[in-house]
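Morning, everyone. Please have the sequence and the structure open while I talk.

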Amino acid sequence: MPKIINQTFKSLTLIGSLLMTAVPFTFAASEPQAGFSAGKATVTATKPSTQTRQPKPFTAHYSTRYSGFSARGARSLSKNGEEWTLEFSADASVVSLTEITRFTINKDRVKPVFYRYKRGGLFGSKPEEAHFDWQKMQAKWNHEDQPVTFPVNAQDRLSYQYQLGLDLAAGKTDLHYPIVDDDEVYEREFIIEGEEVLETEAGKLNTVRVKIKRDNNKRQTWIWFAKDWDYVLVKFLQKDDSEYLIEFAEGEVDGQKITGLKAS
């Protein structure tokens with residue numbers, strides 16, 4: 001595969017897997033890795049909420065950069081009957097991605113019903129699909145003969161990101177998620193690093209910054225969520241041998257345009 005196309009494909013694959021993903025954690029008022037400035041993050045104690053949070057439809061558009069290459073991405077949440085649909089799409093000329101999860105919500109618990117991932121363009125692929133049977137506690141992928149048994153709080157590759165936002169909004173700090181993926185179930189955990197006022201194309205936004213917990217520091221990943229805008233993802237940064245950056249450009253929540261803080 002030509003080098004430039006391979007880099008573009010890697011960038012889009014990362015966007016698809018990460019904009020559709022979320023994070024769990026412990027409290028540590030730290031600043032991200034030296035060499036990149038994220039601003040000071042302040043940790044505040046939040047009392048967990050006992051009220052059920054009502055989801056709000058949203059659309060959000062992003063720009064992303066990877067090793068000098070750029071792409072555009074978008075994600076949205078919509079409702080159809082009793083089900084919610086979280087969708088992500090990205091496009092970088094020769095490669096495109098779409099990822100969808102359909103789920104229900106009961107007492108702030110996301111229960112995925114259907115998941116689909118499709119890569120299109122020059123290096124397109126057959127879609128991957130999963131169907132969740134909550135009575136049998138099993139998920140079946142379209143390319144697997146045997147269903148996968150999952151725990152009661154399992155998520156798919158995309159739905160766990162929305163569950164993370166719900167948990168952050170509720171003031172929870174125990175953020176770990178079993179994720180059903182093909183023939184296995186793995187766990188992803190996140191650390192809350194604190195609150196931060198973040199500069200975006202829409203203006204300054206109050207955010208919560210979280211970090212994916214890993215066994216080593218070779219790869220470090222941070223995600224920012226907008227506190228005043230239903231915890232929409234507004235920034236993603238991953239650093240290893242290269243740097244991946246995803247930044248919020250514009251969007252709306254429940255029909256209201258996302259705008260920055262008013263100057264005092």
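I'll go through a helix, a loop residue, some strand pairings and a few backbone angles. One caution before I start: this is a predicted model.

Let's begin with helix H2, residues 159-169. Is it buried or exposed? Of its 11 residues, 10 are buried, so the helix is largely enclosed by the rest of the structure. Here is the list. At the start come Ser159, Tyr160, Gln161, Tyr162 and Gln163, buried. Then come Leu164, Gly165, Leu166, Asp167 and Leu168, buried as well. Now step just past the helix. Gly171 sits there with a positive phi of about 80°.

Next, a residue that touches that helix. Find Tyr231, in the loop between E12 and E13. Its relative accessibility is 14%. The cut-off for buried is under 20%, so Tyr231 counts as buried. What does Tyr231 touch, leaving out residues up to four places away in sequence? Gly165, Leu168 and Ala169 are on the list. So are Val208, Phe225 and Ala226. Now compare sequence and space. Tyr231 and Leu164 are 67 residues apart in sequence. Their C-alpha atoms are 9.2 Å apart.

Stay in that loop. Asp230 lies there too, between strand E12, residues 220-226, and strand E13, residues 232-239. Which sign does its phi take, positive or negative? Positive, near 60°, and this is a residue other than glycine. Asp230 has 15% relative accessibility, so it counts as buried.

Another loop has a similar entry on my list. Met137 is found between strand E6, residues 128-133, and strand E7, residues 138-141. Phi of Met137 is positive, near 55°, again in a residue other than glycine.

Now the strands. I'll centre this part on E14, residues 243-253. Which strands does E14 pair with? Take E1, E13 and E15 in turn.

E1 covers residues 58-66. Nine bridges join E1 to E14, and the two run antiparallel. To see one, look at Ser63: its bridge partner in E14 is Glu247.

E13 pairs with E14 too, in the antiparallel sense, over five bridges. The two form a hairpin with three residues between them. For a landmark, Gln238 stands opposite Tyr244 in E14.

Then E15, residues 256-257. E14 and E15 pair in the antiparallel sense over two bridges. Val253 stands opposite Gln256 in E15. The hairpin of E14 and E15 has two residues between the strands. Asp254, in this hairpin, takes a positive phi near 55°.

One more hairpin: E9 and E10. E9 is residues 176-181. How many of its six residues are buried? Five, so E9 is largely enclosed by the rest of the structure. E10 runs over residues 184-200. Six bridges join E9 to E10, and the strands run antiparallel. Tyr177 stands opposite Arg188 in E10. Between the two strands there are two residues. Asp182 is in the turn, with a positive phi of about 55°.

Let me recap. Helix H2 is largely enclosed by the rest of the structure, with 10 of 11 residues buried. Tyr231 touches Gly165, Leu168 and Ala169, among others. E14 pairs antiparallel with E1 over nine bridges, with E13 over five and with E15 over two. For positive phi, look at Met137, Asp230, Asp254 and Asp182, and at Gly171 just after H2. That's it from me.

Note on methods
Residues numbered from 1 in each chain as written. Predicted model: local features only at pLDDT ≥ 70, side-chain atom pairs only at ≥ 80, totals over all residues. Heavy atoms only, no water. Buried < 20%, exposed > 50% of the residue type's maximum accessible area, 1.4 Å probe, protein only. Helix = DSSP H or I, 4+ residues; strand = E, 2+ residues; numbered from the N terminus. Contact = heavy atoms within 4.5 Å. Pairing = 2+ DSSP bridges.
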